[in-house]
Amino acid sequence: MKYQHRFIDGTAAGLPLGKVVCVGRNYADHAAELNNPIPTVPMLFIKPATSVVPMAEPFAIPVGQGRVHFETEMSVLIGRRLSKASEAEAAQAIAGIGLALDLTLRDVQDELKRQGHPWEKAKGFDGACPLSDFVMPDRVSSLQDVQIRLRVNGETRQDGNSRFMLNPVLALLSYISQYFTLEPGDVVLTGTPAGVGPIESGDQLEVELVGLLQVTSAVL
Ligand code: ZN
């Protein structure tokens, strides 16, 4: 089924699917596990709308291109245009909070990094961004106290909390909007905690924003 922005009660969000703006290394423990330095300013990249698929349905991953890594992230659905916005304006623009998998062709990315090239082929391929449905923002008592969890085949692989983000959500949205106008229907991925690793065909996934949202899925 084609992806559409929806809330967890099944109602359509009424927003078109736009771009997905992502931040690299927004948790110190994840930067460390890949031997990357901690950036002094947010490191941004974009996944195109064509990379988005529904997380709740089994999804395909690329074959023959090396390791495909999962990165489990809290996602933010944008409901109002944000350009050079303040944090207060950013807070008003959040239409929903959800889950995303920032799928990454890690071997391709390592090679692109080595050559000093952009990451698009490793991050923006078709299917690179499974997204869940969203909860309304008023369900989330604190954006900076959300537990993000991934189990692969029943084993906990990622279990982090948004309080450890280097750039909190509102600061991140404001920063992004200094460079890229965020349009209604765009999605922001807020970075992954530690524990990233490979997924393979047949893996069963349980992805969770604890107390808010749970999705089961599988790799085709
Ligand atoms: Zn990521």
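Here are three short exercises, with worked solutions, on a cavity and some salt bridges in a predicted model.

**Exercise 1. Find how many cavities of 30 Å³ or more the structure holds, and work out what lines the largest cavity.**

Step 1. Start with the search: across the whole structure, 1 cavity of 30 Å³ or more turns up.

Step 2. Now its volume: the largest cavity holds about 110 Å³ of space.

Step 3. Look at who sits around it. The lining is made of 19 residues, and G24, R25, H30, E71 and K123 are the closest to the centre.

Step 4. Map the lining onto elements. Strand 1 (20–24), strand 2 (43–47) and helix 3 (106–115) each give two or more residues. Helix 3 has the largest share, with 3 residues.

Step 5. Sort the lining by class: you get 5 nonpolar, 7 polar and 7 charged residues.

**Exercise 2. Take the salt bridge between K47 and D102, and decide whether each partner is buried or exposed.**

Step 1. Check the contact: the two side chains meet at 2.7 Å, N to O.

Step 2. Place the partners. K47 belongs to strand 2, while D102 is in the loop between strand 6 (94–101) and strand 7 (104–105); the pair links distant parts of the chain, 55 residues apart.

Step 3. Apply the cut-off: buried means under 20% relative accessible area. Both K47 and D102 are buried.

Step 4. Widen the view. Through salt bridges with shared partners, K47 and D102 join E71, R106 and K123 in one network. Two of these names should ring a bell: E71 and K123 are among the residues closest to the centre of the largest cavity.

**Exercise 3. Explain why the D107–R67 pair and the R151–E208 pair each tie together parts of the chain, and class the partners by accessibility.**

Step 1. Begin with D107 and R67, whose side chains form a salt bridge at 2.7 Å, N to O. D107 lies in helix 3 and R67 in the loop between strand 3 (52–54) and strand 4 (68–70), so this pair ties together parts that are 40 residues apart in sequence.

Step 2. Class them. D107 has 32% relative accessibility, so it counts as partly exposed. R67, at 35%, is also partly exposed.

Step 3. Move on to R151 and E208, which meet at 3.8 Å, N to O. Here strand 9 (residues 147–152) supplies R151 and strand 13 (residues 204–209) supplies E208, so the parts tied together are 57 residues apart in sequence.

Step 4. Class these two as well: R151 is partly exposed at 21%, whereas E208 is buried at 13%.

How values were computed. Residues are numbered from 1 along each chain as its sequence is written. This is a predicted model: local features need pLDDT of at least 70, side-chain atom pairs count only at pLDDT 80 or more; totals for chains, interfaces and linings use all residues. Side-chain values use heavy atoms; hydrogens and water are left out. On a 1 Å grid over the protein atoms alone, a cavity is a set of points where a 1.4 Å probe fits but cannot get out, and a pocket is an open set with protein on both sides within 12 Å along at least five of seven lines; lining residues have an atom within 4 Å of a point. Grid points are joined across faces, edges and corners, and a volume is the space filled by probe spheres set on the points. Helices (H or I, at least four residues) and strands (E, at least two) are DSSP runs, numbered from the N terminus. Ala, Val, Leu, Ile, Met, Phe, Trp, Tyr, Cys and Pro count as nonpolar, Asp, Glu, Lys and Arg as charged, and the others, Gly among them, as polar. A salt bridge is a side-chain nitrogen of Lys or Arg within 4 Å of a carboxyl oxygen of Asp or Glu. Buried means under 20% relative accessible area, exposed over 50%, partly exposed in between (1.4 Å probe, protein chains only).
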